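This report describes selected features of a structure. The sequence and the model come first, and the text follows.

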Amino acid sequence: MDILDIADLHHIYRGHEGETIALAGVDLVVSEGEFVAVIGRNGSGKSTLAKHFNAILLPGGGRVLVAGLDTREEALLWSVRQMVGMVFQHPDNQIVATVVEEDVAFGPENLGVPTAEIIERVDASLRQVNMEDYRTHAPHLLSGGQKQRVAIAGILAMRPRLIVLDEATAMLDPIGRSEVMSTILRLNREEGMTAVLITHHMDEAVKANRVVVIDQGQVVLSGTPAEVFSQYKLLEALGLDVPVAAKLSILLAESGLPLPAHILTAEQLVDELCRLN
Amino acid sequence: MPIKLEQVDFVYAGGSPFERAALKGINLSFLDGEFVGIIGQTGSGKSTLVQMLNGLLKPTRGTVTVNGLVTTAKGVKLKSLRQEVGLVFQFAEYQLFAETVAADVAFGPENQGVPASEIAERVDQALLNVGLPLEIKERSPFELSGGQMRRVAIAGVLAMNPKVLILDEPTAGLDPRGRDEILSRIRELHRQRGITVILVSHSMEDVARLVDRLVVIHGGQIVYDATPREVFAHGSSLKTYGLGVPQATEVLGLLKAKGWAVPEVALTLDEARQAIVRAYQLRRELA
């Protein structure tokens, strides 16, 4: 089953200074259970694309199907929104309640879920993000990583088919980032949750099953992390980067060390180096 | 424009049930022309600390002295101090407000009472300093890319000719090229104009390759104040503070654990490359 099926998607913003073409024919399919990272420079169209996933924006051309539902159909809007949960950059902007469990309950309450089931969902969701000990805490006293995990729990409580993280780690410190990343990885690997991660951090993109590169409103590259990050010259030309371990491997290979291609993490690099002797 | 903090405590919501000590007994000095990094977990007190440096916050106890002025002294003119110590907040582009880039950048010097003839010059200089083309001046700042907006906001602070520039996470949310551009401009400003730069960052890679001195703050206290090389030799305690080491250092640590003859710390990828190549050759000779 395809959770997202996007064909020839166009989007144009109209502002004071004329038109800006944000998406110029994007084709993208995300299947159930996939973990897809989307990378691209600022202004490449990544966030615009994400806003089409749950009909915050509607196609200027082409179409977006969410689990088969066309986002252009107004009658389907709430079904679409319910299926796709979004986590944004600023943790503080997406927390609505003064107690963690109430914040998590906000989504299902608005969906009209019966109270007994809301309680069950809140319990389960907080457990899924490993925040059950904080259910009666005040969200504003939590760390950035904890707030983002509460935001994720709030989305899980709506039982979505797809969770989208739009630069959700950009404001976090290293620990906060790794908390959010390991939460998403666990949800994807152990519970089969489909996830799309939009990020500027190549070291996060490496953890996805598939990396999609967007530039000037189009998909320019798509493949496994190893395939995509072996194109480091192209990525550099696009204003992007490769993961630090990949870059170091390339430098070492240039210095004459017979390292294989496609090294992505520090652990892989160290294993390959030890294998050289 | 030296800055000195002595025995500084800061308590939020003092006397209320929500009282929280954000800084405890901070002793710290910044000398002219230094390039200092500050790292610490979210909530460690970094942002509170930098707001002390231009008098936006005043210590609950202890003193902050900026260029001889004590910020808590009676009748102290904080306005002049804030012009000399420029603070660029996180996501500074949210503070852009004017209709054109030029008007936005000119706002600071206009409020300083800089003569009109000089303002135009300062605006141009500030935009060039952050690497923006002057053609951009008449455009709306809101039609620019995220990285460009961030640079306009930094230019607005530079146009006030500060002697100290404090940047709170200037690259958060920017793409890799945007990050590199802003950081290399900041380094140039430091080198060419000799301004003191204080960089608050979550990126171990950035502070490792840029700063001369690194201050680590945890639970409102300073736990390290040394060169990046010295600080990053304490990888395991940095982890307990919610921080880490640059990946170049991490690779060396893993290799060292496997018996490779590599140093503990590498601040840049090139440094790691040289160390690994040397250790590799050594291993081959021994084999």
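Strands β9(B) and β10 (residues 221-226) of chain B pair in the antiparallel sense over 5 bridges. Two strands count as paired if DSSP finds at least two bridges between them. Helices (H or I, at least four residues) and strands (E, at least two) are DSSP runs, numbered from the N terminus. Within β10(B), D225(B) is the bridge partner of V215(B). The hairpin of β9(B) and β10(B) has 2 residues between the strands, and G219(B) takes a positive phi near 55° there.

β9(B) also pairs with strand β3 (residues 35-39) of chain B, in the parallel sense and over 4 bridges. Here R213(B) of β9(B) is the bridge partner of V36(B). Strand β9 (residues 213-218) of chain B is mostly covered, with 5 of its 6 residues buried. Buried means under 20% relative accessible area, exposed means over 50%, and partly exposed is in between (1.4 Å probe, protein chains only).

The model is predicted: local features need pLDDT of at least 70, side-chain atom pairs count only at pLDDT 80 or more, and totals for chains, interfaces and linings use all residues. Residues are numbered from 1 along each chain as its sequence is written, chains are lettered from A and ligands numbered from 1 in the order in which they are written, and side-chain values use heavy atoms, with hydrogens and water left out.

**Sheets of chain A**

Chain A has an open sheet of 6 strands in the order β6-β7-β8-β3-β9-β10, with mixed pairing. Its edge strands are β6 (84-87) and β10 (218-223), each of which pairs on one side only. On average, neighbouring strands of this sheet are turned by 20° against each other, direction ignored. Axes are lines fitted to C-alpha atoms, for helices over the stretch in contact, and angles run from 0 to 180 degrees between N-to-C directions. Strand β3 (residues 35-39) of chain A pairs in the parallel sense with β8 (residues 194-198) of chain A over 4 bridges. I198(A) in β8(A) is the bridge partner of V38(A).

Another open sheet of chain A has 4 strands in the order β2-β1-β4-β5, and its pairing is antiparallel. Its edge strands are β2 (18-31) and β5 (69-70) of chain A. Strand β1 (residues 2-15) of chain A pairs with β2(A) over 11 bridges in the antiparallel sense. One bridge partner in β2(A) is I21(A), which faces I12(A) in the pairing.

**Helices of chain A**

Helix α1 (residues 46-53) of chain A lies across β3, β6, β7 (162-166), β8 and β9 (210-215) of chain A, at about 155° to β7(A). α1(A) also lies across β1, β2 and β4 (61-66) of chain A, running at about 125° to β1(A). Helix α5 (residues 144-156) of chain A lies across β6 and β7 of chain A, at about 170° to β6(A). Contact means heavy atoms within 4.5 Å.

Helix α4 (residues 115-128) of chain A has 14 residues and reaches 20 Å from its first C-alpha to its last, close to the 20 Å expected at 1.5 Å a residue. The expected span is 1.5 Å times one less than the number of residues. Buried residues of α4(A) include I118(A), V122(A) and L126(A). Their cover includes α3 (100-110), α5 and α6 (174-191) of chain A.

**Positive phi values**

Most residues other than glycine have a negative phi. The table gives residues with a positive value.

| Residue | Phi | Place |
|---|---|---|
| N130(A) | about 60° | just after α4(A) |
| E167(A) | near 50° | loop between β7 and α6 of chain A |
| N161(B) | about 50° | loop between α5 (146-158) and β7 (164-168) of chain B |

E167(A) is buried, at a relative accessible area of 9%, whereas N161(B) is partly exposed at 37%.

**Aromatic rings**

How many aromatic pairs does a search of the whole structure find? There are 3 over all chains. Rings of Phe, Tyr and Trp (its six-membered ring) pair if their centres lie within 6.5 Å; planes under 30 degrees apart count as stacked, over 60 as edge-to-face and the rest as tilted. F10(B) and Y12(B) form an edge-to-face pair, 4.8 Å centre to centre with 85° between the planes. F10(B) is buried at 9% relative accessible area, and Y12(B) is partly exposed at 30%.
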